[in-house]
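Trainee: Could you walk me through this structure, one feature at a time?
Mentor: Gladly, let us begin.

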Amino acid sequence: MLEPFPAEPFRLLADDGSPIGPAGGMVAATQLRDWWRAMLLVREFDRKLVTLLRQGRTTFYAQASGMEATQIGIAKGIRPGHDWVWGYYRDHGLALGLGVPLGEVVAQMLGADSDPNKGRQMPHHPGSRDLRFVSSSSSIASQVPPATGTAMAQKYLGLDEITVCTFGEGATSEGDWHAGVNMAAVKGAPCLFVCENNQWAISTAVGRQTRSESIHLKAKAYGIPGYYVDGNDVLAVQYAVQTLADQIRQGSGPVLLECLTYRVGSHSNADADAEKTYRDRDEVQRWTARDPILRLERHLAHLGLEITAPERAAEVARIHAEIDRATEQAEASGQPDWSSMFDDVYGDIPAHLRQQSDDLRAELRDTGR
Ligand SMILES: Cc1ncc(C[n+]2csc(CCOP(=O)(O)OP(=O)(O)O)c2C)c(N)n1
Ligand SMILES: [Mg+2]
């Protein structure tokens, strides 16, 4: 049973993939395979994008390897294109899991002309109007107050929608986080706050981030329930998100859900060598052994639906080819024209920006560029 403030994270799958409790094994096999493919895409996306980064074809990337069950579990627990999602910069797995087209995500990361945002966002900050996935900001926790605002609007307008707001455990030390969660609680706003606790905020370990015993316990201070799940167990995350989202839709008010997972890769490319500078190789190995994809594969095998090595290799090759194709298409679209940077922000461009646009046009003409 999913209970608030548990001592241990809620799980539906043991490390060896065998089901725990009554809800285990209730998901259809086709769906489990779909989630497995979605998780593998996140893992391989990291591999391919890190390569593009090293080749100088993009400039910023933050890996989600190790966190696939959390991000895909969230995506598969809500109603894509219906519920609003305010994510954060590490959420490309969530974006892909919701169905944001791979080509759009890649184009955003490369700042290509085919990027719906025309390269005006920092790389690795995808968004999608169709899927109501709000383009994130790198300012930690800045998504929390506007997520609360979205949920308040949903309540006032009587809409059959909820808002999902994700963040790392480090974000829960920020003022914006507390202001946003408090306001949502006071207003009974239909918001599911999900902490992707990957145990590190760049080089700050969670134990040095807060004196709170856990992240979900912080919900108590705001008078809302706090739930805690094993974030490497996709069944548990999906089940918790779906259950809590339904509860919120029925008027429970906001909820905090903590998913305990681990960032196996580097924080971002600004992070030189995590294992040499701030964390133990043993710790990484311990968590690598609790690989969320492997756990789902073991579960599939337990159900007699084993994924064979050739089948896995074929899926990886298919994903790589798809990412290669998306990369070629994005690069072939070229770079956005400079003038597009003045578009889409204001209905009427303010005088000072019009002046800057005119100055830049004149400068480019005079210098023959
Ligand atoms: C307001 C603010 N302060 C500091 C930073 C620098 N910074 C970037 S990522 C990060 C760590 C965030 O950790 P966490 O919230 O746990 O998310 P994770 O990166 O682990 O997924 C920090 C401090 C920032 N981007 N914004
Ligand atoms: Mg973190």
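Mentor: To read a metal site, look for donors, which are N, O and S atoms within 2.8 Å of the metal (3.2 Å for Na, K and Ca); water is not among the atoms, so sites may look incomplete. This is a predicted model, where local features need pLDDT of at least 70, side-chain atom pairs count only at pLDDT 80 or more, and totals for chains, interfaces and linings use all residues. Residues are numbered from 1 along each chain as its sequence is written, chains are lettered from A and ligands numbered from 1 in the order in which they are written, and side-chain values use heavy atoms, with hydrogens and water left out.

Trainee: Which residues coordinate the magnesium ion (ligand 2)?

Mentor: Glu169 contributes two OE entries, joined by Asn198 through OD1 and Trp200 through O, at 2.1 to 2.6 Å. Along the sequence, the spacing of these donor residues reads E-x28-N-x1-W.

Trainee: Are Asn198 and Trp200 buried or exposed?

Mentor: Buried means under 20% relative accessible area, exposed over 50%, and partly exposed in between (1.4 Å probe, protein chains only). Both Asn198 and Trp200 are buried.

Trainee: Why does Thr172 count as buried?

Mentor: Because its relative accessibility is 0%. Thr172 sits in the loop between strand S3 (163–168) and helix H6 (175–187); helices (H or I, at least four residues) and strands (E, at least two) are DSSP runs, numbered from the N terminus. Contact means heavy atoms within 4.5 Å. Beyond its neighbours within four places in sequence, Thr172 contacts Phe167, Trp177, His178, Cys195, Ile215 and Lys218. From Thr172 to Trp200 it is 28 residues in sequence and 12 Å in space, C-alpha to C-alpha.

Trainee: Why is helix H4 (residues 102–110) described as largely enclosed?

Mentor: Because seven of its nine residues are buried. Among them are Leu102, Val105 and Met109. The cover over the buried residues of H4 includes H1, helix H3 (92–98) and helix H12 (309–332). Just after H4, Gly111 has a positive phi of about 60°.

Trainee: And what about Arg33?

Mentor: Arg33 lies in helix H1 (residues 29–54). With 18% relative accessibility, Arg33 counts as buried. Not counting residues up to four places away in sequence, Arg33 touches Leu305, Glu306, Ile307 and Glu311.
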